[in-house]
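Got your viewer open? Let's take a walk through this protein, one selection at a time.

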Amino acid sequence: MQRRCRSLLKKDGTLKLAKTDISSFYEGIDLGILVDDIDYLDIGNYNPGRLRGFLDGFQEAHHAWGLPQGLDASGLLANLYLTPVDEYLKRRKLRYFRYSDDIDIFSRDWEELREAISDINKILRAKRLSMSASKTRIYEPDEALSKFDDTEKEALQYNIDIGSTSSPDEVKAFFVKASEADPLSTRDIRWSLRRLGQFGVDYAIGWAFDNLARSPHLARTIFDYLHYFPSETGRISRHLSKLTRNTSWLNPHLKKEIFRYFLTAQIDDRAIRELAWLALDDSNTETFVREFATRYIGRTSKFGDGPRIKHAYESESNLYMRRALLIAMYESRYCPARMLSGLTKEPTLIRWTASYLLQEPKVPLPKESL
């Protein structure tokens, strides 16, 4: 988005910029209004009660408000929530770019931009949201381009592209600056962590440990970085195992990423197994967390786990969890062919999973997008 904004301003040096974003956007989303918005779309088999139940459960379990951050689905729902803003700007025929709650509007007319900001604020208030006063401003043409000045990262990326031997140290220095910024620059953290991982620079592992709880919205980026260091698997897994003994700081996305890490690294850890059983046995835990927990249990199963998994399968009503539990039974070697053959006659999607397992495959891990 920043590149497109810079390109537009470079093509037309007379454009002014109105820049704003929304205070506590994800936390401020009103679930009742969101569900009403989705109902208005009239989506086929959509079940509003199920979505509302999931989001209400998330709020109650984690003392949070609005939408959980980090899920692909949350991004889609958040964009749907701001559709009236997009419709207004298109109706006014204003040039604009929006990424989530970050809104940039362009015009040669200062009054037109001021009016747009005022009207958008009214739309947001009707949605129970508010603009960030400190981040809302209209910039003159000579100031506007500097708001999208990403020359340092562009220079670093150029050096990377040409294979400069100094690039790892330069990216490390950029990461240090980004991690010490106040407020934390999440865009720069994501950019530099990804490249530090690609270079095999383990400098940020300590920072990653310290910030898992402080910056849960960076959990996926942090774990993607940690995956670059198989030689550090022992150190990383020991630290994570120790952290999970106190579950008060773990949100659903962190739990999922921890299970994903141990699954990918093929590590059998007692503390992680206990955490996985707690997640599986708690029907109020988010389904995507329970699915990863179930797969971990199946892949690290011990004597006697098979019957326990089967009992969970027989008492589970959630179709996605039944599928995960069936695979866990298979991976724990407690899933006879005659049982699978019988399940191929089920009227649900379980029959396809049973048919697949009868081929004795090596089942891949759950999709990363879950």
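Leaving aside its neighbours within four places in sequence, which residues is serine 132 in contact with? Select serine 132 and look around: the partners are Asp21, Ile22 and Ser23. Serine 132 itself sits in the loop between α7 (110–126) and β4 (137–139). With a relative accessibility of 9%, serine 132 counts as buried, because the cut-off for buried is under 20%.

**Zoom out**

Now show the whole chain. Keep in mind that what you see is a predicted model. The protein has 21 helices and four strands, and its C-alpha trace spans about 75 × 55 × 35 Å along the principal axes. Of its 370 residues, 48% count as buried. Take the contacts between residues at least 6 apart in sequence: 68% of these join residues at least 24 apart.

**Stop: helix α11**

Select residues 186–199, which make up helix α11, and pick out isoleucine 189. Is isoleucine 189 buried or exposed? Its relative accessible area is 0%, so isoleucine 189 is buried. Beyond the neighbours within four places in sequence, isoleucine 189 is in contact with Phe175, Ala178, Ser179, Leu184, Trp207 and Leu218. Try a distance label too: from the C-alpha of isoleucine 189 to that of isoleucine 222 is 9.4 Å, although the two are 33 residues apart along the chain.

**Stop: helix α15**

Next, select residues 252–265. This is helix α15, with 14 residues and a reach of 20 Å from first C-alpha to last, close to the 20 Å expected at 1.5 Å a residue. Twelve of the 14 residues are buried, including Leu254, Ile258, Phe259 and Phe262. Charged names turn up among the buried ones as well, such as Lys256, Glu257 and Arg260.

What caps the N-terminal end of α15? Asparagine 251 does, with a side-chain oxygen 3.0 Å from the backbone nitrogen of histidine 253. Just after the helix comes glutamine 266, whose phi is positive, near 55°.

**Stop: charged pairs**

Side chains of opposite charge can pair when their charged atoms come close. How many salt bridges are there in this model? The count comes to 26, so there is plenty to click on; here are some of them.

- Select aspartate 12 and arginine 95, whose side chains meet in a salt bridge (4.0 Å, N to O). The pair links distant parts of the chain, 83 residues apart: aspartate 12 is in the loop between α1 (2–11) and β1 (16–20), and arginine 95 is in strand β2 (residues 95–99). Aspartate 12 counts as buried at 13% relative accessibility, whereas arginine 95 is partly exposed at 39%.
- Select lysine 302 and aspartate 268, where the closest N and O atoms of the salt bridge are 2.3 Å apart. Lysine 302 lies in the loop between α17 (287–299) and α18 (305–315), and aspartate 268 in the loop between α15 and α16 (270–281), so the pair ties together parts 34 residues apart in sequence.
- Select arginine 290 and glutamate 316, a salt bridge at 2.8 Å, N to O. Arginine 290 is in helix α17 and glutamate 316 in the loop between α18 and α19.

**Last stop: the surface**

Turn on the surface and select Leu319, Tyr320, Leu349 and Trp352. Together they make a nonpolar surface patch of about 430 Å². Tyrosine 320 belongs to helix α19 (residues 319–331) and is partly exposed, with a relative accessible area of 42%.

How values were computed
Residues are numbered from 1 along each chain as its sequence is written. This is a predicted model: local features need pLDDT of at least 70, side-chain atom pairs count only at pLDDT 80 or more; totals for chains, interfaces and linings use all residues. Side-chain values use heavy atoms; hydrogens and water are left out. Patches are made of residues with over 30% relative accessible area and no salt bridge: like charges are joined within 9 Å, nonpolar side chains (Val, Leu, Ile, Met, Phe, Trp, Tyr) within 5 Å. Accessible areas come from the Shrake-Rupley method with a 1.4 Å probe; for residues, only the protein chains shown count as cover. Helices (H or I, at least four residues) and strands (E, at least two) are DSSP runs, numbered from the N terminus. Buried means under 20% relative accessible area, exposed over 50%, partly exposed in between (1.4 Å probe, protein chains only). The expected span of a helix is 1.5 Å times one less than its number of residues. A polar contact is a pair of N or O atoms within 3.5 Å; within protein, one must be able to donate a hydrogen and the other to accept it, and residues adjacent in sequence count only if both atoms are side-chain atoms. Contact means heavy atoms within 4.5 Å.
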